Amino acid sequence: MAETFDEARNVDEIRTAIGRFGWGDNQLAGYAVAGDLAGSTSVWSLMSLVFGHRKLTDAESSMLDDLAASSALADPRIWPLKAGRIAASWGNPTAGFAASVLAATGVAGPGTSRLCAQMLLDLRSRLSAAEGVSLPTAVGELLERNPRLPGFGVPLRPADERVLAFQQCVRVRQWPVGTYQLLVYDVEAELSRRRKTAVNIGGLGIAVLLDLGFAADTAAVMMMLIIQPSFIGNAVEGAAQQAPVLRSLPHSALRYRGVAPRTSPRHRDAEHDDRTFRG
């Protein structure tokens, strides 16, 4: 037993700055939950703290509320939401929600948002350098590497209505337009000059989060959290409806592609013996 204790003492420690159980009060990101956070901290500010960022002001949290409301797009025909509906159709909304998040990973999830955040960080660095390039040159080089820039592009319509909704909130509530938001609009103007490409809510949302000081990785996760109401709503409704059509495909929608039907030698011999017996 002594050797076991010695081994336990020699194991590398895993340290955390996220939280700690406490007698009488718990700790979260260095704050006392009851003493410092409860009753005075928004959900967005809590998320910011657990990402290792600072507490957000009330105005900053309200701005993210506006971004979340403006970002709502809950049409179940959209692929990640459809995937959630299918998974939830057996009656489990949690499974549907998880499926939506996983399905969004390669569409509008943290991967794409992180690419957008890193692109904006790199672009600002290049433009601000002592021998920086011009914006048209920088955008042209980006397009040579990837004709579809993350955070830009709106299918089938000239502008993203979610961007327009947030812009209206900014005007009415006089939210600050920071460095990265201005950069996004400059890139949009250059893209529109070339091929009529507008910024979408993913690109503008990432710019807002970068202006609040979030790193690329945490901004990407925050953007995923901001669009969650659409995911959760479809998962809950899908579980309540339990639509049979989502649990199985009609036979008319199925088509077999493969080897033609064959009869095994054993089955063929058995049929022959049966015919002989009856004959």
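How many salt bridges does a search of the whole structure find? In this predicted model, the search returns 11 salt bridges. Several of them are described below, followed by an account of the second largest pocket.

## A salt bridge between two helices

Arginine 85 and glutamate 237 form a salt bridge in which the closest N and O atoms are 2.1 Å apart. Because arginine 85 belongs to helix α5 (residues 79-88) and glutamate 237 to helix α13 (residues 228-241), the pair ties together parts that are 152 residues apart in sequence.

The two partners can also be described by their accessibility. Arginine 85 has a relative accessibility of 10% and therefore counts as buried, the limit for that class being under 20%, whereas glutamate 237, with a relative accessible area of 38%, is partly exposed.

## Further pairs and a network

A salt bridge also links arginine 54 with glutamate 60, and here the closest N and O atoms lie 2.9 Å apart. In this pair the arginine, Arginine 54, is partly exposed at a relative accessible area of 34%, while glutamate 60 counts as buried, with a relative accessibility of 16%.

In another salt bridge, the side chains of arginine 157 and glutamate 161 meet at 2.8 Å, taken from N to O. Glutamate 161 counts as partly exposed at 36% relative accessibility, and arginine 157 likewise counts as partly exposed, with a value of 30%. Elsewhere, Glu190, Arg193 and Arg194 are joined into one network by salt bridges that share partners.

## The second largest pocket

The second largest pocket holds about 220 Å³ of space. Two helices, α7 (110-128) and α8 (135-145), each supply at least two residues of its lining, and α7 gives the most to that lining, with six residues.

The residues that line the second largest pocket are Leu115, Gln118, Met119, Asp122, Leu123, Arg126, Ala138, Leu142, Arg145, Asn146, Leu149 and Pro150. Sorted by class, this lining comprises seven nonpolar, two polar and three charged residues. Among the lining residues, Leu115, Met119, Leu123 and Pro150 count as nonpolar, while Asp122, Arg126 and Arg145 count as charged, and Gln118 and Asn146 count as polar.

Definitions and conventions. Residues numbered from 1 in each chain as written. Predicted model: local features only at pLDDT ≥ 70, side-chain atom pairs only at ≥ 80, totals over all residues. Heavy atoms only, no water. 1 Å grid on protein atoms, 1.4 Å probe; cavity = no way out; pocket = protein on both sides within 12 Å on 5 of 7 lines; lining within 4 Å. Points joined across faces, edges and corners; volume = space filled by probe spheres on them. Helix = DSSP H or I, 4+ residues; strand = E, 2+ residues; numbered from the N terminus. Salt bridge = Lys/Arg side-chain N within 4 Å of Asp/Glu carboxyl O. Buried < 20%, exposed > 50% of the residue type's maximum accessible area, 1.4 Å probe, protein only.
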